[in-house]
Amino acid sequence: MPNPAEQGALVKAKAHELGFLACGIAKAEFLSDEAPRLEHWLKQGKHGEMGYMANHFDLRLDPRKLVPGAKSVISLAYNYFTPPKQKEPSAPKLSTYAYGRDYHKVVKQRLNPLMAFIKEQFGDVEMRAFVDSAPVMEKAWAQRSGIGWVGKHTNVIRQGAGSFFFLCEIIVDLELEPDAPAMDHCGTCRRCIDACPTDAITPYGVDGSKCISYLTIELKNAIPQEFTGKLENWAFGCDICQQVCPWNRFSTPHKEQEFQPKQELMALMKDEWQGMTEVLFDQLFEGSPVKRTKYSGLKRNIRFLEGGDQGDELTENDTRAAIARKNSNNTGTIADLQSDTTIECVSEEFHLFS
Ligand code: B12
Ligand code: SF4
Ligand code: SF4
């Protein structure tokens, strides 16, 4: 029987073979640092109307409550990066993660052979796989297992790979040797904070209720008027804080066929988005994460971008803020921001599958 270090190495090698970008291991234990932070975040109402974030507080902080007897959390990253592909520059924007088929299903399918391998190698172990599908603090596990650090925009960033990847985990009652946690490499940079159009980011924290991703996907009611003129043409999700992050210079295109966008979706003109019928919506977004917001949600978002949901004109303040943003140093082109090398990097060494 291999020892915990050899077992861990076998799992990582298999994960690599199956196409995962990274795989790391952490000891399954109570998330003591995260507990007070999560509590504070919820008390401040930063989850907005995402009621599910306030549920299962204890389960969320302890993987042994999800898998009794759990000893290890295997954390994995799955690349979804693709350079922007929408052809019409003025068309409402879709977040990159939503170009293809829903990641919950795709990544889960990729995890199944890894679970089968674990059973085959180590016998009848208890385990469960999660892809944003249960109360699991996925970013905390990714950081603990060395996959990457939680950046100031709160997404997990990996040296040599950026942050355009999904996270998933296998919680297992098998003892595997833990990896060292990842170190923070944000340094003095604050590009994501300065670029966020709704001021949702404070260092290492996001006010979910102000994030465009929340407003366009999770929020079921009307988008509050205070966000008029601030959504920067995003109709579903938002990539700005990741696009301006210098670490995403290292992103490389994914190889997942299921994440390839439909050509007709990428070619949609602005007026076709605006005039989209429910029939076309169903056709374009079958099996896509965009289904989460439903036809009515997407239409609401598009109307909001046009200023049509309130029927109000942009206020003078909104216009002034938009102009100020355009002129500010921190809102140059994404290429300018990414090519800036002033970021303080501790190391350029990469540890894929370390
Ligand atoms: C709720 C949620 C959201 C909410 C709230 C976002 C948020 N930051 O919490 C909304 C809808 C806004 C959202 C948006 C997005 N999301 Co989201 N979301 C989640 C979800 C379900 C839970 C996250 C969570 O636990 N939040 C609770 C708060 C308390 O956690 P937190 O912000 O990370 O806070 C921690 C830090 O602030 C830290 N902290 C606090 N103070 C300090 C101080 C210091 C010094 C340090 C070091 C740390 C620290 O402690 C807190 C607890 O660990 C996860 C899936 C999962 N089950 O984990 C996906 C997830 C985080 N989302 C994901 C993605 C892709 C996105 C978007 C990029 C999608 C898009 N393009 O529109 C955006 C990014 C917005 C952003 N900048 O965060 C991915 C991120 C992958 C990655 N590489 O990190 C995840 C992991 C889903 C997945 N399985 O891949 N999301
Ligand atoms: S996803 Fe957009 S709105 Fe949300 S925190 Fe990042 S930049 Fe701000
Ligand atoms: S933009 Fe800068 S501060 Fe923000 S996550 Fe990236 S490196 Fe960290």
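The following paragraphs lead from the overall fold of this predicted model to the surroundings of its two ligands.

The protein comprises 14 helices and ten strands. Of its 354 residues, 39% count as buried. Among contacts between residues at least 6 apart in sequence, 80% join residues at least 24 apart.

Ligand 1 has 36 residues around it, of which Asp132, Glu138, Val156, Ser213 and Gly237 come nearest. Several secondary-structure elements contribute to this shell: the helices α2 (34-43), α5 (138-144) and α7, together with the strands β7 (165-172) and β9 (205-206), each supply at least two residues. The largest share, four residues, is that of α2. Both domain 1 (4-83 + 100-172) and domain 2 (191-339) take part, each giving at least three residues to the shell around ligand 1. In terms of residue class, this shell holds 20 nonpolar, nine polar and seven charged residues.

The surroundings of ligand 2 consist of His153, Cys196, Thr198, Ala200, Ile201, Val206, Cys211, Ile212, Ser213, Cys238, Ile240 and Cys241. Cysteines in this list include Cys196, Cys211, Cys238 and Cys241. Two helices, α7 (212-218) and α8 (240-243), each provide at least two residues of the shell. Here nine residues are nonpolar and three are polar, while no charged residue is present; the shell around ligand 1, by contrast, includes seven charged residues.

Some features recur in both settings. Ser213 is listed around ligand 2 and is also one of the residues that come nearest to ligand 1. Likewise, α7 supplies at least two residues to the shell around ligand 1 and at least two to the shell around ligand 2.

Definitions and conventions
Residues numbered from 1 in each chain as written. Chains lettered and ligands numbered in written order. Predicted model: local features only at pLDDT ≥ 70, side-chain atom pairs only at ≥ 80, totals over all residues. Near = placed C-beta within 6 Å. Nonpolar A, V, L, I, M, F, W, Y, C, P; charged D, E, K, R; others polar. Domains from an automatic or database assignment. Buried ≥ 20, exposed ≤ 12 C-beta atoms within 10 Å, placed from the backbone. Contact = placed C-beta atoms within 7 Å.
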